[in-house]
Amino acid sequence: MTAAAFGDIAETPAPFRRGSWMRSEEARGLAMISPTFLYALALLFLPVLIVLAYSFWTQDYLDIDRTFTLENYRQALTEPIYRDLFVRSLWIALAVSIATVVFSYPIAWFISFHGGVHRNLWLFLVTVPCWTSYLLRVMSWKVILGYGGVMNTGLMSLGVIEEPLTSLLYNSNAVVITLVHSWAAFAILPIYVSLQKIDRTLIEAARDLGDSRARAFLRVTLPLSLPGVISAFLIVMIPTVGDFVTPRLVGGKDGVMIATAIQAQFGKAANWPLGAALSVTTMVLVSLAAACVVFALRFAVRRIR
Amino acid sequence: MSLLTRRLAFLPWLPAYVAVYFLFLYLPILLIPIFSFNNAATTTFPLAGFTTKWYGTLAGNGAMLEAARNSLVVGVCVALLSTTLGICAARAITRYRFRGQRAAAGLIMAPLFLPEIIVAVSLLMIVLALGLQLSLLTVILGQTVFCVPYAMSVLVSGFEGFDRSLEEASYDLGETALGTFRRVTLPVVAPAIVSSLLVTFTISLDEFILAFFLSGTEPTLPVYIWGQLRFAAKLPGVLALGTIMIAASILMLTLAEILRRRAESRTRIALTPT
């Protein structure tokens, strides 16, 4: 639906020319963007700064002790319970983003290369499920994967299994399946945008010069669509790590992720500084993991070429 | 020859994959309406017959209606606020070039690349640190941060390709800046604006995490549903409510898509020299 915008906003070039009227254009541009910018500054940037500040303070019953300390980070990084949650959240986020990109790439490719005049309709059909209530979709997966659920009854009536599988729901696999479904469109759109930008004559040239279909894809299409693949990775992986609803509804005991622990610090446990430190650590860890993935992808594609 | 056979062997796989993928994509959404008309409190096949009684129970459910009213208020406010902010940002980005443009756009688009729980937690902290009460207002303010990137995406694609010379002509002919916006720019970009309103309303209607953290004692529909999910006996009612919400979402998104396309073709017409 908004395919073009995901890719384009970040790439707007900003040529600066001198001259007084240009300066007035600059002033008008700044004035135009300032309401939105200030809003984001006040309700996004400032709150994040406050989280950062809190993560260095201590909870003292109902008061906050404002002396600088790294105690919260020590706790976040060394307590086994949080370490396990971090590791699991990162693994799940990685698994989800890889699976989402791998399964979505052919769809983006199909729409871009075989979508014909109905490309927009295809894109729309892909995005519709992702815009309907996230909570309801997760609930629906619970119905599908449950003991007496659609998957089990379906497989049993087909004769594939004799007894209902108990391994479908309440584990990290269920979390991964549900999240791959949730993020499908967010992977398809950026990949589609970058595929659309590829000059088709380059692929033809590779074919004319004797590359097979597969080689032409690996050496031309895939490297040129890498920016889309990377933004798909980022847009799926980073938010996934902090997912709250899916682990709670379909994750069971071994599907618990870090968001549950963060929420607990702001609810029952009432330890804001620890909650803040867990949030900051989550962001730092997922950014590092995402950076590793981006480097690995770039490296892999360069090797293919 | 081998090329031809290879091509023939290759092609049917892709449509088959696309079909399976779309089944995967739509199965969860189709099951909710199916079970909402099922004459049993459980969600298993085979179905137990057709009924509309679960929808009947919704009408007399005061807490649900209250939540629906809250969602409506929040949705309308978020749609108006985030689209207004989106218009400013989208226009600044498509119409002007200035230093810091990318940084500003980056900050505005950042919620797309942040775990929602962190946005929610940080907003909760600032609201409570300022001594404000959690209410629908805090939900509106929070969801707006989250909706502006989507509004901007829709609006930028609507504003892009808008011909500057039309505006310049209007200035030259003596219109004021405001008059030009109202009489020249607005008619061209109006469908994109309505499309943005619909999209942000839909996101707000379905948004859970921010509402869960920021709503206090006034639940929106998703927060209400979350509370119901603990009770197995309430599931059919939730399915009926879910069906209505999904239908509403799809309706609004379809409308938004139609408008967005009209916006695209309109800017194209405006660009075509006559």
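**Notebook: chains A and B of a predicted model**

I began with residues 37-57 of chain A, whose end C-alpha atoms lie 29 Å apart, and the span is 86% helix and 0% strand. I note at the outset that the model is predicted.

*Annotated spans, chain A.* I looked up where residues 37-57 stand in the record. UniProt, in an unreviewed entry, lists residues 37-57 of chain A under "transmembrane region", along with 90-111, 117-136, 143-161, 173-195, 216-238 and 276-301. I then took residues 143-161 of chain A from that list. For residues 143-161 I found 58% helix and 0% strand, with the end C-alpha atoms 18 Å apart.

*Annotated spans, chain B.* I turned to the record for chain B, also an unreviewed UniProt entry, where "transmembrane region" covers residues 12-35, 72-93, 105-130, 136-156, 188-215 and 235-259. I examined two of these spans. Residues 12-35 of chain B are 96% helix and 0% strand, and their end C-alpha atoms lie 33 Å apart. Residues 136-156 of chain B are 100% helix and 0% strand, with 29 Å between the end C-alpha atoms.

*Chain B as a whole.* I counted 12 helices and 0 strands in chain B. I recorded the overall extent next: the C-alpha atoms of chain B fill a box of roughly 75 × 70 × 30 Å along the principal axes. The radius of gyration of chain B is 23 Å, whereas a compact globule of 274 residues would have one near 19 Å. I find that 48% of the 274 residues in chain B are buried. I also checked the sequence range of its contacts: among those in chain B between residues at least 6 apart in sequence, 81% join residues at least 24 apart.

*Contact between the chains.* I listed the residues on each side and obtained 74 from chain A and 73 from chain B. On the chain A side, helix α2 (residues 20-54) gives the most, with 22 residues. I sorted that side of chain A by class and found 54 nonpolar, 15 polar and 5 charged residues.

*Nonpolar core.* I asked which residues have the most contacts inside the largest nonpolar core. They are A:Ile188, B:Ala120, B:Val121 and B:Leu155, in a core of 171 residues. Helix α8 (residues 172-196) of chain A gives the most to this core, with 17 residues. I followed A:Ile188 further; leaving aside neighbours within four places in sequence, A:Ile188 is in contact with A:Ser104, A:Ile107, A:Ala108 and A:Val126.

Note on methods: Residues are numbered from 1 along each chain as its sequence is written. Chains are lettered from A and ligands numbered from 1 in the order in which they are written. This is a predicted model: local features need pLDDT of at least 70, side-chain atom pairs count only at pLDDT 80 or more; totals for chains, interfaces and linings use all residues. UniProt positions are given in the numbering used here, feature names are shortened, and annotations may be inferred rather than shown by experiment. Helices (H or I, at least four residues) and strands (E, at least two) are DSSP runs, numbered from the N terminus. Two residues are in contact if their C-beta atoms, placed from the backbone, lie within 7 Å. Ala, Val, Leu, Ile, Met, Phe, Trp, Tyr, Cys and Pro count as nonpolar, Asp, Glu, Lys and Arg as charged, and the others, Gly among them, as polar. A nonpolar core is a set of buried Ala, Val, Leu, Ile, Met, Phe, Trp, Tyr and Cys residues joined through C-beta atoms within 7 Å. A residue is buried if 20 or more other C-beta atoms lie within 10 Å of its own, exposed if 12 or fewer, and partly exposed in between; C-beta atoms are placed from the backbone. The radius of gyration is taken over C-alpha atoms; the globule rule is 2.2 Å times the number of residues to the power 0.38.
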